[in-house]
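Please walk through this structure with me. Keep the 3D view open and follow the residues as they come up.

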Amino acid sequence: MVVAADAVDMDPEALQRVERLFHDQIARGEHPGAALAVYRYGRPVLDLWGGVADVETGRPVREDTLWVLFSSTKPLASVSVLKLIERGQAALDDPVARYWPEFARNGKERVTIRHILTHRGGFPLTPEGLHWSTWRDWDAVVRAMEEVTPRWEPGTVSAYHLLNHGWVCGELVRRIDGRPFPQFLREEITEPLGMHDTYVGLPPELEPRVAKLHPMEDVPEQEQGTVRTFNRPEVHQAVVPAGCGIATARDMARFYAALVNGGELDGARILERATIEQATQVEIDGDTDAVLSTSGLATTVRRGLGFNLGGVHPFSSRMGMGSTARTFGHGGAGTSICWADWDLGVAFAFIPNGFRGRETLARRCLELSDGVREACR
C-alpha cells in the first residue's frame with residue numbers, strides 16, 4: 001500500500017501531476033496501456049495502471065497485468081552474477097571459460113565476467129542460427145554461445161550484447177551455482193523481495209495476464225517484427241535473461257528500491273551495499289557503442305557493471321534530464337525504463353505496451369522520470 005507523499009518528503013501536488021501525466025499519455029495515444037510504480041526511501045509512493053492490455057480484444061489493464069520487459073530484464077541477470085561474486089564464488093576479472101571451459105572456443109578464452117557485464121565481450125550479435133523458435137532449448141543456446149566467434153578483441157570495443165549478455169550470465173549462474181537461472185533468480189532475488197510477479201521463463205498458465213505489445217505509428221517494419229516475436233507465448237516461456245523478463249512495474253520498482261536502499265528492503269537482503277556501489281560506479285564513459293550507434297540509438301554510453309548510468313544524453317534521457325552518474329538502471333526496446341537514484345533515494349519503473357520509435361519513446365519516459373524527480377524535496 002502506498003504511503004503519503006509527505007511521509008517520504010515528497011511534494012503531494014507534484015506527485016498528483018505525475019499521476020495526471022501518466023493517464024494523459026494513455027488518453028493522447030502514446031500507448032494503449034501502461035503501469036508505473038515509484039518508491040522513495042524504501043516505501044511505495046505511486047502504484048498506477050491503466051488503459052488497454054489488448055486493443056484487439058479490448059482486455060483492460062488490471063492491477064495484476066504482466067508486462068514484457070525487453071532489456072529491462074538485464075539487471076536481473078547481472079545482479080545474479082554479482083551475487084555469486086559477492087559470495088566469493090567468482091571474480092570480475094576471471095575468464096568466463098574458467099567456469100565454462102567450452103566457452104573458450106573460437107577466440108573467447110580471454111572474455112572475462114567484467115567484459116560481459118560491461119558489453120565489451122566482442123560478440124554482440126545473436127548467432128544467426130539462434131532463431132526465436134530455439135530459445136526454449138537451453139542446451140541449443142549454450143552451444144550457440146560456445147561456437148560464436150568474437151567480432152572484436154575482448155575488452156577493446158563497447159558493443160551492446162542484445163541477447164548474448166543474458167545467456168552468458170544465465171549459464172555462468174548454472175555452472176557456478178548449479179541451479180538453473182530461473183530457479184536461482186527466484187530463490188535468491190525475487191522471492192526474498194516479495195516480487196511474486198517476476199519471471200524469466202513465464203509459466204504457460206500465466207500467459208492470459210500478459211499485456212500484448214502494440215507497434216505504434218512511428219515504428220519501422222523491422223522493429224514491428226520484433227514486436228511480433230516478443231508477443232509469442234513461446235518467447236515468453238523461453239529463458240532469455242537479457243530480453244524477455246515478464247513482470248509488473250510494482251515488482252521492478254521494488255527491485256530497484258532494494259538496490260538503492262543498500263541491498264535490503266523490508267528485512268530481506270539480496271546484496272551488500274558495497275557490491276551495489278561497485279556495480280554502479282562508472283566503468284565505461286564516453287565510448288561510442290558500436291552496435292547502438294549503427295542503429296541511431298546512442299552516440300556515447302556510460303555504464304557500470306550491468307547497469308546504464310545517467311547524465312549522458314540522449315542515451316540516458318529515459319531516466320530524466322535530471323539524471324546523473326549517480327542514477328543507474330536500464331531500459332527496454334521501444335518501451336520501458338527502470339531506474340534508481342542514489343542522491344534522491346528514488347526507485348522508478350514504467351512499463352507501457354505501446355512499442356515506440358526513439359524520439360517519442362524517450363520523451364514519454366523523460367516526462368514521467370523528471371516529474372518524479374521534481375516531486376522530491
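W67 has A247 as its bridge partner in β7. Keep in mind that this is a predicted model. W67 lies in β4, which spans residues 67-68. Two bridges join β4 to β7, residues 245-247, and the two strands run antiparallel. Now widen the view. β4 and β7 belong to an open sheet of three strands. The order is β4-β7-β5, and the pairing is antiparallel. Which strands form the edges? They are β4 and β5, each of which pairs on one side only.

W67 also leads to an enclosed space. The model has one cavity of 30 Å³ or more. Its volume is about 60 Å³. W67 is one of the lining residues, along with A35, D47, L48, W49, R62, E63, T65, T248, A249 and R250. Two elements, β2 and α9, give two or more residues each to this lining. β2 gives the most, with three residues. What is the make-up of the wall by class? It has five nonpolar, two polar and four charged residues.

Next, follow β5 from the sheet to an open space. β5 covers residues 199-200, and α6 covers residues 181-193. Both supply at least two residues to the lining of the second largest pocket. That pocket has a volume of about 190 Å³. α6 provides the largest share of the lining, five residues. The full lining is P182, L185, R186, T190, E191, M195, H196, T198, Y199, V200 and G201. By class, this makes five nonpolar, four polar and two charged residues.

Now turn to the packing. In soluble globular proteins, nonpolar side chains tend to be buried together. In this model, the largest nonpolar core has 92 residues. W135, F255, Y256 and L259 have the most contacts inside this core. Helix α9, residues 249-260, brings the largest share, nine residues. What does W135 touch, beyond residues up to four places away in sequence? The list is L130, V141, L163, W167, T229, F230, V235, A238, V239 and V240. There is also a second, separate core, with 29 residues. M10, V18, I26 and C376 are among them.

Finally, look at the backbone in three loops. Start with Y41, in the loop between β1 (33-40) and β2 (43-54). Phi of Y41 is near 50°, a positive value in a residue other than glycine. Is the Y41 side of this loop buried or exposed at that residue? Y41 counts as partly exposed because its relative accessibility is 46%, and the partly exposed class runs from 20% to 50%.

H119 also has a positive phi, near 60°, and is likewise a residue other than glycine. H119 sits in the loop between α3 (113-117) and α4 (138-147). With a relative accessible area of 5%, H119 is buried, since buried means under 20%.

The last stop is a cis peptide bond. The bond runs from H313 to P314, with omega near 10°. P314 is placed in the loop between β12 (308-309) and β13 (327-331).

Technical notes:
Residues numbered from 1 in each chain as written. Predicted model: local features only at pLDDT ≥ 70, side-chain atom pairs only at ≥ 80, totals over all residues. Heavy atoms only, no water. 1 Å grid on protein atoms, 1.4 Å probe; cavity = no way out; pocket = protein on both sides within 12 Å on 5 of 7 lines; lining within 4 Å. Points joined across faces, edges and corners; volume = space filled by probe spheres on them. Helix = DSSP H or I, 4+ residues; strand = E, 2+ residues; numbered from the N terminus. Nonpolar A, V, L, I, M, F, W, Y, C, P; charged D, E, K, R; others polar. Pairing = 2+ DSSP bridges. Core = buried A, V, L, I, M, F, W, Y, C linked by side-chain atoms within 4.5 Å. Buried < 20%, exposed > 50% of the residue type's maximum accessible area, 1.4 Å probe, protein only. Contact = heavy atoms within 4.5 Å.
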